[in-house]
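Please open the model in your viewer and keep the selection panel at hand. The tour below goes from one selection to the next.

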Amino acid sequence: MFIFSQRARLEDTWAEKVRVKISGDRIEEIKIGVKPENSDIRVDTLLPALANLHSHSFQRAMAGMTEYRVAGRENFWTWRELMYRFLDFLTPEDIFSIAAQTFMEMQKSGYASVGEFHYIHHQKGGNPYDNPAELSERIIEAASLTGIGLTHLPVLYKYAGTNNQTLQGGQLRFGNSIDDICKIVSMSQKAIDLLPSDARVGVAPHSLRATSPSDIKELLNCYPNTQVHMHIAEQIKEIEEVTDALGARPVEWLLDHFAVDKNWCLIHATHMNLAETIRLAKTNAVVGLCPITESNLGDGIFEGPAFLKANGRFGIGSDSCINISLTEELRTLEYSQRLRDQQRNIMIQGDGSVGEALYLSAASNGAQALDRAAGSITNGNLADLIGIDTYQSSLFALSDKQLIDGLVFAAKDTVITDVWSAGRHQVQKGVHVAEKTIKASYVDTMLTLKERLG
Ligand code: ZN
């Protein structure tokens, strides 16, 4: 397959009249300043696609259901109660059809891949399914239907809070012993063999609230060289509870007790002191920022300038999937910093285009977090690519150097015309190749769920 684009953002530079040869899932050859051939797929401008490094796809179905105020019940923890009640109604078929819709929306907004942080494992009340990996397999099936590049992350969730509190209510669907979660991880690895070879399975101790130090050690001993994703330091209350239980702040404690390295992805890391920020940056782990969800849940604002100054790596994720928008995710990240500091152009080291810096950093670091050889248009990389239409009003007057700034700050996701996930051309001229089937199944699911919710 050949793609011809009028211009493309290659690894280090912009180039015009670019012809990219894709063989299988990889970029095999890039030619610059050439003419298109008749059979080429044409796009206006070609960019590396981003990885969405953190998603709980089922939460997409409750978007808009928790935005009302009841006095005294309006914080993260009351949102979580509602989420637990909601998930009691979900069947394996629902989880499949919601995941397929959510993954398709991600691709249409420009993500080529997703890290699915998957923590519903059991039936309502906590009984395992006959197949313990039933729900993981539904996620893998949804990835297969949509063609998104999946890094599946079965989550170890053992406790309701620090000091090993017992799981209750909706949380019973999450709970596993170490042996049980290892079984699910291993079964997921088998199931993922049915997907193209860019798919991965990693592990995910949920947080320092929901697992114990010995649990994390045991889990990592079972899977020593894999991606490790974990929520950390999202809420002030969590910092206080972890400090009480473990004697140190969450990030500080983790760095003291585990060899955190480039295989790790720490989700949120919102509340760190300066020492934690600098230490975490030096590990080369990726921090998974989810600015739309963090805004929606009132988590707080990530300390961007100090982290970047220490050469920290960040990617982005859609987390609760309340609103799946690549451009809004990046924009919200930068705008939250501006509102806090009352300054402009913050998320960049030194001088340069902030939108471009945000985009390209999130592309390469997101790929690292999901263990994908992607994140830039380079020979040998996976063909995770997007095409955008720069003739739209928000972009047409911009120079190459301004173009990604325009995309991030001024455009809508609708400028994205084409998306390839590891060479699979899943979004073509703005439409997903399985869009009708996926949408129809999602509508059925949501109408049934609406009835069940009453
Ligand atoms: Zn999350």
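Begin with helix α13 (residues 400-409), which lies across β1, β2, β4 and β14 and runs at about 65 degrees to β2; contact here means heavy atoms within 4.5 Å. Axes are lines fitted to C-alpha atoms, for helices over the stretch in contact, and angles run from 0 to 180 degrees between N-to-C directions. Helices (H or I, at least four residues) and strands (E, at least two) are DSSP runs, numbered from the N terminus.

This is a predicted model, in which local features need pLDDT of at least 70 and side-chain atom pairs count only at pLDDT 80 or more, while totals for chains, interfaces and linings use all residues. Residues are numbered from 1 along each chain as its sequence is written, and side-chain values use heavy atoms, with hydrogens and water left out.

Next select helix α12 (residues 354-369), which lies across β1 (2-9), β2 (14-23), β4 (41-48) and β14 and runs at about 90 degrees to β4.

Now show the strands themselves: an open sheet of eight, with mixed pairing, follows the order β3-β2-β1-β4-β14-β15-β16-β17, where two strands pair if DSSP finds at least two bridges between them. At the edges stand β3 (26-32) and β17 (431-432), each with a single partner strand, so one side of each has no neighbour in the sheet. Within this order, select β14 (residues 385-388) and β15 (residues 416-421), which pair in the antiparallel sense over four bridges; Gly 387 has Asp 418 of β15 as its bridge partner.

Move on to the open sheet of four strands, β10-β11-β12-β13, with parallel pairing. Its edge strands are β10 (228-232) and β13 (313-316), each pairing on one side only, and neighbouring strands of this sheet are turned by 30 degrees against each other on average, direction ignored. Strand β12 (residues 286-289) runs parallel to β13 and is joined to β13 by four bridges, with Ile 316 of β13 as the bridge partner of Leu 289. Add helix α7 (residues 250-257), which lies across β10 and β11 (264-268) at about 150 degrees to β10.

Finish with a helix pair: the axes of α2 (residues 92-108) and α14 (residues 435-453) come within 9 Å and cross at roughly 130 degrees. The two helices are therefore oblique to each other, given that angles under 35 degrees count as roughly parallel, over 145 as roughly antiparallel, 65 to 115 as roughly perpendicular and the rest as oblique. To see the contact, select residues including Ser 97, Gln 101 and Met 104 of α2 with Ile 438, Tyr 442 and Leu 449 of α14.
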